[in-house]
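Here's a walk through one protein structure, taken a piece at a time. Keep the 3D view open and follow along as we go.

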Amino acid sequence: MLHRMISLGFALMLPVAASAALDEKQLATEPVGPVILTITGNIEGFGSGPVVRLDRAMLEALGTTKLKTSTAWTAGEAEFEGVLARDLLQAVGAEGTEVVATALNDYVATIPLRELYDYPVLLALKMNGEYMELRDKGPIWIVYPRDQFDELRSSMFDRKWVWQLSELEIR
């Protein structure tokens with residue numbers, strides 16, 4: 001019986017350890033393609049310092065999720081695909097109380113870190129199956145699951161839907 005419990009305990013721990021090692025390995029490499037997201041601030045840091053630069057392939061290597069929701073800027077419901085913000089924050093070892101999200105046009109929104117863990121907020125790379133370009137809010141758009149959580153349907157949250165996201169600073 002004890003042997004079975006030890007084996008079960010080890011089997012439950014293995015996927016977590018493998019996943020953490022995989023995330024660190026993926027983020028430790030240098031981007032091959034164009035950098036589309038830079039993360040700074042209170043993070044573990046990889047490579048030469050506390051700055052993480054990611055290309056699209058590095059983000060997608062963390063695993064992607066799909067989310068169908070309406071937005072204040074599109075007609076009807078759209079399907080988004082990208083990386084869960086909480087998965088990326090865990091992968092870079094983010095610690096703090098807030099995230100300052102900056103867009104390519106210098107728009108800035110401050111988001112409580114807890115919010116990105118409490119809700120499945122997406123760093124969307126695709127909308128309706130297509131990679132988003134600059135002209136359609138890409139390459140990254142912060143997308144909240146507003147249709148799944150009534151409290152997210154407000155202008156207070158709409159201000160946090162940063163499109164053309166280029167930088168996250170963890171404070």
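Let's begin with two charged residues, K160 and E115: both are buried in this predicted model. They also find each other, since K160 forms a salt bridge with E115, with 3.0 Å between the closest N and O atoms. This pair links distant parts of the chain, 45 residues apart: K160 sits in the loop between helix 5 (155-158) and strand 10 (165-170), while E115 belongs to helix 4.

Now look at R146 and D158, which form a salt bridge too, their closest N and O atoms being 3.7 Å apart. R146 lies in the loop between strand 9 (141-143) and helix 5, and D158 is in helix 5, so this bridge ties together parts that are twelve residues apart in sequence. Are these two buried or exposed? R146 has a relative accessibility of 12%, and because buried means under 20%, R146 counts as buried. D158, with a relative accessible area of 17%, is buried as well.

Elsewhere, E98, E169 and R171 are joined into one network by salt bridges that share partners.

Back in helix 4 (residues 113-118), there's another pair to find: R114 and D118, four residues apart, about one turn of the helix. Their side chains meet in a salt bridge, 3.0 Å from N to O. Here R114 is exposed, at 53% relative accessible area, and D118 is partly exposed at 47%. If you want to hunt for the rest, a search of the whole structure finds six salt bridges.

Next, turn to strand 7 (residues 122-127). How many of its six residues are buried? Six of the six are, which leaves the strand mostly covered.

What does strand 7 pair with? One partner is strand 4 (residues 77-84), which runs antiparallel to strand 7 and is joined to it by five bridges. Along that pairing, G82 stands opposite A124 of strand 7. Strand 9 also runs antiparallel to strand 7, with three bridges joining them; there, L123 has I142 of strand 9 as its bridge partner.

Then there's strand 8 (residues 130-131), which pairs with strand 7 in the antiparallel sense over two bridges. M127 has its bridge partner, E130, in strand 8. Together strand 7 and strand 8 form a hairpin with two residues between them. While you're at that turn, pick out N128, which has a positive phi of about 55 degrees.

Terms used: Residues numbered from 1 in each chain as written. Predicted model: local features only at pLDDT ≥ 70, side-chain atom pairs only at ≥ 80, totals over all residues. Heavy atoms only, no water. Salt bridge = Lys/Arg side-chain N within 4 Å of Asp/Glu carboxyl O. Buried < 20%, exposed > 50% of the residue type's maximum accessible area, 1.4 Å probe, protein only. Pairing = 2+ DSSP bridges.
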